[in-house]
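Hi,

Here is the structure I said I'd pass along. Have a look at it, and then read my notes underneath.

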Amino acid sequence: MRPDIPSPLDFFGRLRWLNGKPLLDTMEPYRREFMTTALYSFTDDGLPLFNLVLSGRGKKNFKTTDLVLASLYRLLIWPSDHGNDCFILANDEGQAGDDLALAKKLIDANARELGGEVEKLAKEIRRCDGRGSLQILPGRDVTGAHGKTALFIGFDEIHGVRSWDIFEALAPDPTRTDVLTWIASYDTIYNVQGVPLHDLKQIGKAGTDPRMLFSWYSGELCTDPNFAELPPRERANPSMKSWPEGEAYLDQQQRRLPTHKYRRLHLNMPGAPDGAFLNADKVLGAVRSGVNVLKPQPDRIYKAFVDMSGGSSDDATLAIAHNDDGKAVVDLVMKQAGSPPFSPRAAVKRFARVLKEYGLRKVTGDAYAGLTYRQDFEEEGIEYQLSGKTKTQLYEALEPRLNAGEVELPDEPKMQEQLLTLVTRGARIDHQPGDHDDWANAAAGAIDLVATPEKRAPVPYSVPMCGPGGPNVSQYSVPGYRSDPYSQIDAVLDAAAAERRDRERAYQQYLERNRR
């Protein structure tokens, strides 16, 4: 704490929201905690702990509002010997206008409290004492701010930014110890290494920058433990309970928007990278909207694929699927309880319970898990079978099935994210550096199991070699074959081939006897 600086909540507690209500009454607990941490955390020397804030949430969760409020706090409250100039760089001119209008409306709603401290100009809000101003600029005007010293530098929506140019143009003054850079954005359209938002997220997830506050709410990732284990919609939309329509608003948006736009705007999930292996439209078109788990049915034959993990970084994942008249339907994809680090053997127990619910006593996986956890599965009554295919082979087999519309996927954002971001790396199909593909691999493995016909056992065969007449289907016992017409044709062809081999063998024996 700094007794000489009023806290953000002290400042906000003096203000009112646009509708006249006390501002703090409109701020959910998670936002109050976030704003306090971002703006009022200090080192032992009394300096600001954070100089970079990266904040991501779904649409209508007040991330732009918090950005503007943070800029006003720095403009009006923060004591500085170098002035209180603040900049916000918006995505475009329309966004800049909206942000500036919001700031001015907040001033108007608090005319008694703030009217004597600031004046509203065409494109800025200026302190009456001349010690600083808040300018909100569209991206194309970034050159006008180049080289200026600022106390606060905000970026509103960088999801379409592909280079670091704007960050270089607004680089913080290295001689100032109190500069704060604040980024509020949906996830990136270009989810590939070298794109600013992708790279900043990787740093945030790794936790390698102690002066960066990473606050992220999405269907795939949530840094807030109070929301991290909730369903994807609630993870991405922490303010949803304050909406007049609640979750019904998301239902409406999901019906009206293309899947990829709904996913990015309301689940805060990234777009596909350049060079993505799978077609994004095909992946998203295969998703059954709003349903991530199909309950087990007694008349279905299920197969399961597991992608185990050592528990330190990757998730351990399980996928279960069935074949529905030629379509590979993934019933569920799930992970261990909690996030890494976790106990892999606890994950085995969790998976075994679910496998048994679906009537399964076998699961397939790669050699790593087979060698490491086979005994653990067997102790739970589950036989572990090694997959005969690599990840690349599974993904290669998945692509034509997706393109042909022969796959149905659960509405599980993390799996979708990983499928969309698979790339070709040399001769392999894999995730990008720093990413994961455990959910995608489990789903692709389960799809392959139910989409590929099983290798059937040889048909029991017994018929006189020299008897009259050809093969008759009724003579054969074919318990390994289903009763559908195609399987019966297989039975006839297999039986005929076996008879032909027996006749050829008998003829060779006849020739051999005659030679003697």
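**Around G160**

Setting aside neighbours within four places in sequence, G160 touches I189 and Y190. You'll find G160 in the loop that runs between β6 (152-156) and α6 (165-169). Is G160 buried, exposed or partly exposed? With a relative accessibility of 34%, G160 counts as partly exposed, because that class covers what lies between under 20% (buried) and over 50% (exposed). N91 is also worth picking out here: 69 residues separate N91 from G160 in sequence, yet their C-alpha atoms are 8.2 Å apart in space.

**How far to trust it**

Keep in mind that this is a predicted model. The chain has a mean pLDDT of 86, and 85% of its residues reach 70 or more. The stretch to watch is residues 454-488, where pLDDT stays under 50. The model does give that stretch 36 contacts beyond four places in sequence. Still, predicted coordinates should not be read in detail where pLDDT is low.

**The aromatic rings**

How many aromatic pairs are there? The count comes to 16. One of them joins F11 and F12, with 5.6 Å from centre to centre and 45 degrees between the planes, which makes the pair tilted. Both partners are buried: F11 has a relative accessible area of 2%, and F12 is at 0% relative accessibility. They count as buried because the cut-off is under 20%.

F11 and F12 also belong to a wider group, as ring pairs link them with Y40, F42, Y73 and W78 into a cluster. W78 has a charged partner too: R74 lies over the face of W78, 4.2 Å from the ring centre.

**The largest pocket**

Last stop is the largest pocket, which holds about 1200 Å³ of space. Its lining is made up of 46 residues. Which of them lie nearest the centre? Those are E220, D315, K335, K414 and W439.

Several elements each supply at least two residues of the lining, among them the strand β11 (327-335) and the helices α12 (344-357), α15 (413-420) and α16 (438-451). α8 (232-236) is on that list as well, and so is α7 (196-206). The largest share comes from α7, which gives five residues to the lining.

If you're opening the model for the first time, you could start at G160 in its loop, move on to the ring cluster that includes F11 and W78, and finish in the pocket with K335 and W439.

Cheers

Conventions:
Residues are numbered from 1 along each chain as its sequence is written. This is a predicted model: local features need pLDDT of at least 70, side-chain atom pairs count only at pLDDT 80 or more; totals for chains, interfaces and linings use all residues. Side-chain values use heavy atoms; hydrogens and water are left out. Rings of Phe, Tyr and Trp (its six-membered ring) pair if their centres lie within 6.5 Å; planes under 30 degrees apart count as stacked, over 60 as edge-to-face and the rest as tilted. Buried means under 20% relative accessible area, exposed over 50%, partly exposed in between (1.4 Å probe, protein chains only). A charge sits over a ring if NZ of Lys or CZ of Arg is within 6 Å of the ring centre and within 35 degrees of the ring normal. pLDDT is the predictor's confidence in each residue, from 0 to 100. Contact means heavy atoms within 4.5 Å. On a 1 Å grid over the protein atoms alone, a cavity is a set of points where a 1.4 Å probe fits but cannot get out, and a pocket is an open set with protein on both sides within 12 Å along at least five of seven lines; lining residues have an atom within 4 Å of a point. Grid points are joined across faces, edges and corners, and a volume is the space filled by probe spheres set on the points. Helices (H or I, at least four residues) and strands (E, at least two) are DSSP runs, numbered from the N terminus.
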